[in-house]
Amino acid sequence: MKQFIDLRSDTITKPTEAMRKVMYEAEVGDDVYKEDPTANELERYAAELLGKEAALYVTSGVMGNQICLNVLTQPGDEVICEKDAHIFQYESGSPAWLSGIQMGLVEGVRGVFTAEQIKPYIRPASAYYMARTKVIEIENTHNRAGGTINPIENIKAINALAKENSLYMHLDGARIWNASVASGVEVKEYAKYFDSVSCCLSKGLGAPIGSIIAGSKDFIKQAFRVRKALGGGMRQVGIIASAGLYALKNNISRLSEDHEKAKMLAATINKLESLEIDMERVQTNILIFKAKNMSLEDALARTKEKGLLLSEGTVGSMRAVIHMDVSFEQTEKACKILEEVFGK
Ligand code: TLP
């Protein structure tokens with residue numbers, strides 16, 4: 001079988017030997033009864049890491065986001081989010097489908113909107129003929145914008161606006177670990193400004209499955225019920241929760257290595273005349289770039305032909321995502337492949 005350098009996503013990582021060992025040895029029980037010691041420990045550890053009262057293990061990032069939105073809203077409510085937010089673009093329309101809510105879209109700069117910008121989108125409570133604004137959602141890092149970080153001062157200002165208007169704040173922190181490692185701001189500090197937080201264990205951290213949601217005890221109590229209603233009540237879940245716990249304990253600080261490799265690749269892309277990249281977006285592990293004189297289909301096919309797998313990014317662009325299963329050597333090889341395909 002041909003060996004590809006697979007940069008389609010950081011979701012494609014496979015558990016290491018050490019991770020598989022803790023999975024094999026995990027103590028388990030029935031988690032629907034809250035009797036799985038490993039899942040309980042993962043939730044306790046994650047809540048502490050995020051500085052929240054409680055946490056809940058869920059199957060995926062989508063489930064995490066959608067449970068949070070469901071708990072925070074009523075049908076007919078509106079969630080303000082950035083126009084390229086994952087909850088709007090890539091979650092199967094589930095805010096409407098599962099919770100009967102709509103999105104109020106605001107265009108940010110490189111995925112980041114300011115408090116000033118969203119102020120006019122908050123609907124007056126007296127306007128009974130409008131949807132009710134209920135939640136402000138922030139994605140950090142922002143996937144479709146190219147792994148960009150939402151600055152903590154900006155989040156603080158948005159939180160103040162939310163408080164003034166009695167709105168909830170939800171964080172899609174699928175890659176909050178990347179934001180934290182790159183900015184030096186603790187995940188706890190980011191999470192402090194949100195009523196609910198969803199973060200992935202199965203992306204940069206390398207676990208095979210699962211996400212964490214966190215918030216107040218009361219919030220998690222309600223989330224537990226919604227998780228069950230969505231079919232997310234798992235039984236001897238310690239088998240996979242152990243991998244998540246291992247990932248949280250061992251794989252956060254190493255993300256800086258992924259960011260370094262992403263910079264290496266970005267430097268190559270930037271020097272190739274037939275490629276276009278906005279270097280200000282190069283902040284963590286995701287690169288979004290375009291070929292000037294080639295269709296997206298051709299570009300993806302020609303890189304694949306040479307052994308490099310890329311995915312589709314925002315409209316018409318390519319995406320490369322660095323993760324723990326890509327070595328420095330493979331990153332150099334990926335740079336060479338880009339030079340061969342786009343270097344003329
Ligand atoms: N992102 C996936 C695809 O869905 C695009 C990827 O390959 O990047 N929030 C954010 C910001 C995400 O990037 C993702 C997954 C999710 C939520 C959903 O996580 P999962 O896939 O675990 O449901």
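**Loops, fold and ligand: a reading lesson**

Colleague: I'm looking at Thr141, which sits in the loop between β5 and α7 (152-164). Is the peptide bond from Asn140 to Thr141 cis or trans?

Modeller: Start with the general picture: most peptide bonds are trans, and most residues other than glycine have a negative phi. The bond from Asn140 to Thr141 is cis, and its omega is near 0°. Keep in mind that this is a predicted model, where local features need pLDDT of at least 70 and side-chain atom pairs pLDDT 80 or more, while totals for chains, interfaces and linings use all residues. Residues are numbered from 1 along each chain as its sequence is written, and side-chain values use heavy atoms, with hydrogens and water left out.

Colleague: And what about Lys34: is its phi positive or negative?

Modeller: Positive: phi of Lys34 is near 65°, and Lys34 isn't a glycine. You'll find Lys34 in the loop between α1 (17-25) and α2 (37-50).

Colleague: How many helices and strands does the protein chain have?

Modeller: Both are DSSP runs numbered from the N terminus: H or I over at least four residues for a helix, E over at least two for a strand. The protein chain has 14 helices and 13 strands.

Colleague: What does the radius of gyration tell me about the protein chain?

Modeller: It's taken over C-alpha atoms, and the globule rule is 2.2 Å times the number of residues to the power 0.38. For 344 residues a compact globule would come out near 20 Å, and the protein chain has 20 Å, so the two agree. Along the principal axes, the C-alpha trace of the protein chain spans about 60 × 55 × 35 Å.

Colleague: On to the ligand. Which residues come nearest?

Modeller: A residue counts as near if one of its heavy atoms lies within 4 Å. There are 15 residues around the ligand, and Ser9, Gly61, His86, Asn143 and Asp172 come nearest. Helix α3 (residues 61-72) gives the most to this shell, with three residues.

Colleague: Which atom of Asp172 should I look at beside the ligand?

Modeller: Think polar contacts, meaning N or O atom pairs within 3.5 Å. Asp172 brings a polar side-chain atom to 2.7 Å from a nitrogen atom of the ligand. Gly61 uses its backbone instead: one of its backbone N or O atoms lies 2.8 Å from an oxygen atom of the ligand. Val62 also has a backbone N or O atom there, 2.9 Å from an oxygen atom of the ligand.

Colleague: How much of the ligand does the protein bury?

Modeller: Taken alone, the ligand exposes 510 Å², and the protein buries 82% of that; the areas are Shrake-Rupley values with a 1.4 Å probe.

How values were computed
A polar contact is a pair of N or O atoms within 3.5 Å; within protein, one must be able to donate a hydrogen and the other to accept it, and residues adjacent in sequence count only if both atoms are side-chain atoms.
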